[in-house]
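Reader: I'm new to this one, so could you walk me through it and tell me how you arrive at each label?

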Amino acid sequence: MESKELAIRLARALDAKKALNIRVLHVEDLTTVADYFVIATGTSTTHVGALADEADFQLGREGVNVLRTEGHDGNRWVLLDYGSVIVHVFTPEAHDYYDLEHLWADATALPQSEWQQPEE
């Protein structure tokens, strides 16, 4: 699966579980770490954990396994590493504190219309 498609599927999985402030950032030209970052906010540590679990579950059903997970112990910031795509799921406080969108301001954000599921 291409990086962009993987990022879109991850954003959709997070959106389906009511994640807030979902951003898909194309960072390929800015870092060698990944091609895309998917950033989202949960409403609580419980929600953050559920969002990370759902993303992992949905992609796992398609045969795409997470390479590494960090932060599940406290669920303030959970990182899911899929190689070419890294998912960051934050509590509102952690999102404000780390402010990855500002840190990666030179990245190109995918428009929401490009990754959001059409309403039926």
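Reader: Why does Asp-99 count as partly exposed?

Author: A quick note before I answer: this is a predicted model. Asp-99 has a relative accessibility of 32%. Buried means under 20% and exposed means over 50%, so Asp-99 falls in between and is called partly exposed.

Reader: Where is Asp-99, and what is its phi?

Author: Asp-99 is in the loop between helix H3 (92–98) and helix H4 (100–103). Its phi is positive, about 45°, although Asp-99 is not a glycine. That is worth pointing out because most residues other than glycine have a negative phi.

Reader: Which loop holds Asn-75, and what is its phi?

Author: Look at the loop between strand S3 (68–70) and strand S4 (77–81), and you'll find Asn-75 there. The phi of Asn-75 is near 60°, again a positive value in a residue other than glycine.

Reader: What makes Asn-75 buried rather than exposed?

Author: The relative accessible area of Asn-75 is 15%. The cut-off for buried is under 20%, so Asn-75 is buried.

Reader: And how do you know whether Thr-31 is buried or exposed?

Author: Same kind of check. Thr-31 has 18% relative accessibility, and with buried meaning under 20%, Thr-31 counts as buried. Thr-31 sits in the loop between strand S1 (20–26) and strand S2 (36–41).

Reader: What does the side chain of Thr-31 reach, and what makes that a polar contact?

Author: The side chain of Thr-31 reaches the backbone nitrogen of Val-33 at 3.1 Å. A polar contact needs a pair of N or O atoms within 3.5 Å, so the distance of 3.1 Å fits.

Reader: Let's zoom out. How many helices and strands are there, and what order do they come in?

Author: The chain has five helices and six strands. Starting at the N terminus, the order is α-β-β-α-β-β-β-α-α-β-α.

Reader: How do you know the radius of gyration agrees with a compact globule?

Author: For 120 residues, a compact globule would have a radius of gyration near 14 Å, and the chain has 13 Å, so the two agree. The C-alpha atoms fill a box of roughly 30 × 30 × 30 Å along the principal axes.

Reader: How much of the chain counts as buried?

Author: Of the 120 residues, 42% count as buried. As for the accessible surface, it comes to about 6,700 Å², with 45% belonging to carbon and sulfur atoms.

Reader: What about the charges?

Author: There are 9 positive and 21 negative side chains, and the centres of the two sets lie 5 Å apart.

Note on methods. Residues numbered from 1 in each chain as written. Predicted model: local features only at pLDDT ≥ 70, side-chain atom pairs only at ≥ 80, totals over all residues. Heavy atoms only, no water. Helix = DSSP H or I, 4+ residues; strand = E, 2+ residues; numbered from the N terminus. Rg over C-alpha atoms; globule rule 2.2 N^0.38 Å. Buried < 20%, exposed > 50% of the residue type's maximum accessible area, 1.4 Å probe, protein only. Areas by Shrake-Rupley, 256 points an atom, 1.4 Å probe, with all protein chains shown as cover. Lys, Arg positive; Asp, Glu negative; His and termini not counted. Charge placed at Lys NZ, Arg CZ, Asp CG, Glu CD. Polar contact = N/O pair within 3.5 Å; in protein donor to acceptor, adjacent residues only side chain to side chain.
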